[in-house]
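User: I am new to this structure and would like to understand how its descriptive terms are earned. Could you take me through them one at a time?

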Amino acid sequence: MKLVVGLGNPGKEYERTRHNVGFLVVEEIARRQGAVFKKMFWFPARQAKCRIGEHEVRLLEPMTYMNRSGQAVWGAMKKWRVEAGETVVVYDDVELELGAIRVRGKGTGGSHNGMKSVLEWLQTKAFPRVRVGIGPKPEGADMIGFVLGSFADEESLRLEKVVERAADAVESIFSIGTERTMNTFNQSKTG
């Protein structure tokens with residue numbers, strides 16, 4: 001069993017915001033696999049079941065707000081007995097330009113509150129993650145307003161392409177491993 005977590009915020013008002021790009025990526029994987037998200041009753045999340053290659057995979061969207069994401073991730077890992085190394089977390093990164101992707105096998109959460117929560121709950125940094133660029137933040141812009149803001153119309157094509165490429169990266173982690181995926185996806189950007 002593998003677990004793919006997209007970080008985001010629940011609610012209509014956040015659906016197409018920069019901070020919800022993790023949700024967009026897991027929804028793209030679900031679309032490709034014909035999987036449907038359902039509300040969980042054991043912990044605050046939505047999940048979908050699918051297969052990626054030979055692996056049974058659960059896609060997860062925590063329905064906590066971003067800074068409490070770790071609670072749902074930890075609950076899912078315990079319920080389905082998934083190890084940290086078998087869990088991929090997908091989230092937005094304001095430090096990366098829109099269109100860029102960075103795959104890592106471990107690391108810190110940086111300034112990302114969702115990742116800080118995940119790291120706190122899991123008590124390990126050793127799990128793969130796919131960071132999806134949403135930046136750069138315009139100089140002088142408020143950080144919260146920027147990440148909770150919607151993408152501009154002229155960014156929509158780049159957004160679509162980077163979401164598809166990030167979904168490709170997650171699938172690649174399961175087929176060729178994190179290291180080889182890093183070599184493939186960290187070199188280029190989309191759009």
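**Terms and the values behind them**

User: Why is K12 called exposed?

Analyst: K12 has a relative accessibility of 68%, and since exposed means over 50% relative accessible area, buried under 20% and partly exposed in between (1.4 Å probe, protein chains only), K12 counts as exposed. The model is a predicted one, in which local features need pLDDT of at least 70 and side-chain atom pairs count only at pLDDT 80 or more, while totals for chains, interfaces and linings use all residues. Residues are numbered from 1 along each chain as its sequence is written, and side-chain values use heavy atoms, with hydrogens and water left out.

User: What makes the contact of E15 and K12 a salt bridge?

Analyst: A salt bridge is a side-chain nitrogen of Lys or Arg within 4 Å of a carboxyl oxygen of Asp or Glu, and the side chains of E15 and K12 meet at 3.4 Å, N to O, so the pair satisfies the rule. E15 itself is partly exposed, because its relative accessible area is 42%. By this rule the count comes to eleven salt bridges.

User: How do you know that R31 and E28 are joined as well, and which of the two is buried or exposed?

Analyst: Their side chains meet in a salt bridge at 2.8 Å, N to O. Both residues lie in helix α1 (residues 21–33), three residues apart, which is about one turn of the helix; helices here are DSSP runs of H or I with at least four residues, strands are runs of E with at least two, and both are numbered from the N terminus. R31 is exposed, with a relative accessible area of 56%, whereas E28, at 10%, counts as buried. The two also belong to a network of salt bridges that links E28, R31, R32, D168 and E171.

User: What makes E97 and R158 a link between distant parts of the chain?

Analyst: The side chains of E97 and R158 meet in a salt bridge at 3.2 Å, N to O. E97 is in strand β5 and R158 in helix α5 (residues 156–176), 61 residues apart. Both ends are partly exposed, E97 with a relative accessible area of 36% and R158 with 25%.

User: Why are β5 and β7 said to pair?

Analyst: Two strands pair if DSSP finds at least two bridges between them, and β5 and β7 have six, in the parallel sense. Strand β1 (residues 2–6) also pairs with β5 in the parallel sense, over four bridges. V89 of β5 is the bridge partner of V5, and R129 in β7 is the bridge partner of V89. β5 is mostly covered, with nine of its eleven residues buried.

User: Why is T178 called buried, and which residues does T178 touch?

Analyst: T178, which lies in helix α6 (residues 178–185), has a relative accessibility of 17% and therefore counts as buried. Not counting residues up to four places away in sequence, T178 touches V103, R104, G105, P128 and I173, where contact means heavy atoms within 4.5 Å.

User: Is A141 buried or partly exposed, and where does A141 lie?

Analyst: A141 lies in the loop between β7 and α4, and with a relative accessible area of 26% A141 is partly exposed.
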